[in-house]
Amino acid sequence: MIKIAVVDDEIDQIEQIVKIVSDFFSQQKIAFEIEKFSDGETLLEKSSPYDIIFLDIQMNGIDGIETASHLRKKDKKTALIYISNYSEKMAVSFSVHPFAFIEKPVNFGKIYDNLYDYIEYIENCNKKRCFLFNLYHGGTITIDIDSILFLEYIKNRVIQLITTDAEHSITGSISDLSEQLSKYDFISPHKSFIINQAHITAFSDNIQIYGKYSVPVAKNRKKLILQQINSYMHNHLLD
């Protein structure tokens, strides 16, 4: 189910977008749900996230840029599609990471093009095996599984997520994450660590990750971890 919000202070504009978006997803035979909002404040009162938000930049009350700025503090995943009369607003909108920018007047061609792009984006993300994490300071982040090196428990429900090019503080249970990530060939050599076997470069008393990090192996887990690594290597040599 694709959850969509349309935010605009012009009723006619809302109805036009809703009609076009409804026709698109109906043609694609994709389940969807649309909610309509006449201002950014009402949107921000909603606790449930949306997959796509069509957001007018010029609105009464807080404008679309400010609305998106508040939204991004709790939701990094939503695809924001801006609607505006003014092309110069495009540069400003980049500060809150929009998915697309549509100049008025909108029409089905402009919206269809961006919705096709969204479907392709989701399909590519699924192919990459993405995983959604809860950020410690609020919001979420979607990470390509293959880019994750390891996760390290820091303190109560605070976990450091290390990828090939960034670090993120996330929140959750290290044991729950270990179970969820195990299907992606992640293992837990120590109660405070979860590692991606794809990035192991050496193994002894410690495991070397990405040729850069060293992760400890608990004595009572060493035999199991060795078996898991051997099994992983064997299966991937056969791929």
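## A buried histidine in a loop

In this predicted model, His199 counts as buried because its relative accessibility is 15%, which falls under the 20% limit for that class. His199 is found in the loop that runs between β12 (193-196) and β13 (200-203). Leaving aside residues up to four places away in sequence, His199 touches Asp146, Ser147, Ile148, Leu149, Thr164, Gln208, Ile209 and Tyr210.

Two of these contacts, Asp146 and Tyr210, return later in this report. Asp146 is a partner of Arg129 in a salt bridge, and Tyr210 is a residue with a positive phi.

## Helix α1

Helix α1 covers residues 11-28. At 1.5 Å a residue, its 18 residues should span 26 Å, and the C-alpha atoms at its two ends are 26 Å apart, so the expected and modelled values agree. Within α1, the buried residues are Gln13, Ile14, Ile17, Val18, Ile20, Val21, Ser22, Phe24 and Phe25.

The helix also carries a salt bridge between Lys19 and Asp23, in which the closest N and O atoms are 2.6 Å apart. Lys19 and Asp23 are four residues apart in α1, and therefore about one helical turn separates them. Asp23 counts as partly exposed because its relative accessibility is 28%. Just after the helix, Lys29 takes a positive phi of about 60°.

## Salt bridges between distant parts of the chain

Side chains of opposite charge can pair when their charged atoms come close. In this model the count comes to seven salt bridges, among them the Lys19 and Asp23 pair already described.

Another salt bridge joins Arg129 and Asp146, with 2.7 Å between the closest N and O atoms. This pair links distant parts of the chain, since Arg129 lies in the loop between α5 and β6 (130-135), whereas Asp146 lies in the loop between β7 (140-144) and β8, 17 residues apart. Arg129 is partly exposed, with a relative accessible area of 31%, and Asp146, at 39% relative accessibility, also counts as partly exposed. Asp146 is, in addition, one of the residues that His199 touches.

The side chains of Lys222 and Asp205 likewise meet in a salt bridge, at 2.7 Å from N to O. Here too the pair links distant parts of the chain, with Lys222 in helix α7 (residues 222-237) and Asp205 in the loop between β13 and β14, 17 residues apart. Lys222 counts as partly exposed at 33% relative accessibility, while Asp205 is exposed because its relative accessible area is 53%, a value over the 50% limit. Elsewhere, salt bridges that share partners join Glu10, Asp56 and Lys104 into one network.

## The β13-β14-β15 sheet

Strands of a sheet pair through backbone hydrogen bonds, either parallel or antiparallel. Three strands in the order β13-β14-β15 form an open sheet with antiparallel pairing. Its edge strands are β13 and β15, each of which pairs on one side only, and neighbouring strands of this sheet are turned against each other by 25° on average, with direction ignored.

Between β14 and β15, which run antiparallel, there are four bridges, and Asn206 stands opposite Pro216 in β15. The loop between β14 (206-209) and β15 (213-216) holds Tyr210.

## Backbone exceptions

Most residues other than glycine have a negative phi, and most peptide bonds are trans. Against that background, Tyr210 has a phi near 60°, a positive value in a residue other than glycine; at 39% relative accessibility, Tyr210 counts as partly exposed. Arg157 likewise has a positive phi of about 60° although it is not a glycine. Arg157 is placed in the loop between β8 (148-155) and β9 (158-163), and its relative accessible area of 44% makes it partly exposed.

A cis peptide bond joins Lys104 and Pro105, with omega at about 0°. Pro105 lies in the loop between β5 (100-103) and α5 (108-127), and its partner in the cis bond, Lys104, also belongs to the salt-bridge network with Glu10 and Asp56.

Technical notes. Residues numbered from 1 in each chain as written. Predicted model: local features only at pLDDT ≥ 70, side-chain atom pairs only at ≥ 80, totals over all residues. Heavy atoms only, no water. Buried < 20%, exposed > 50% of the residue type's maximum accessible area, 1.4 Å probe, protein only. Contact = heavy atoms within 4.5 Å. Salt bridge = Lys/Arg side-chain N within 4 Å of Asp/Glu carboxyl O. Pairing = 2+ DSSP bridges. Axes fitted to C-alpha atoms, helices over the stretch in contact; angles between N-to-C directions. Expected span 1.5 Å × (residues − 1).
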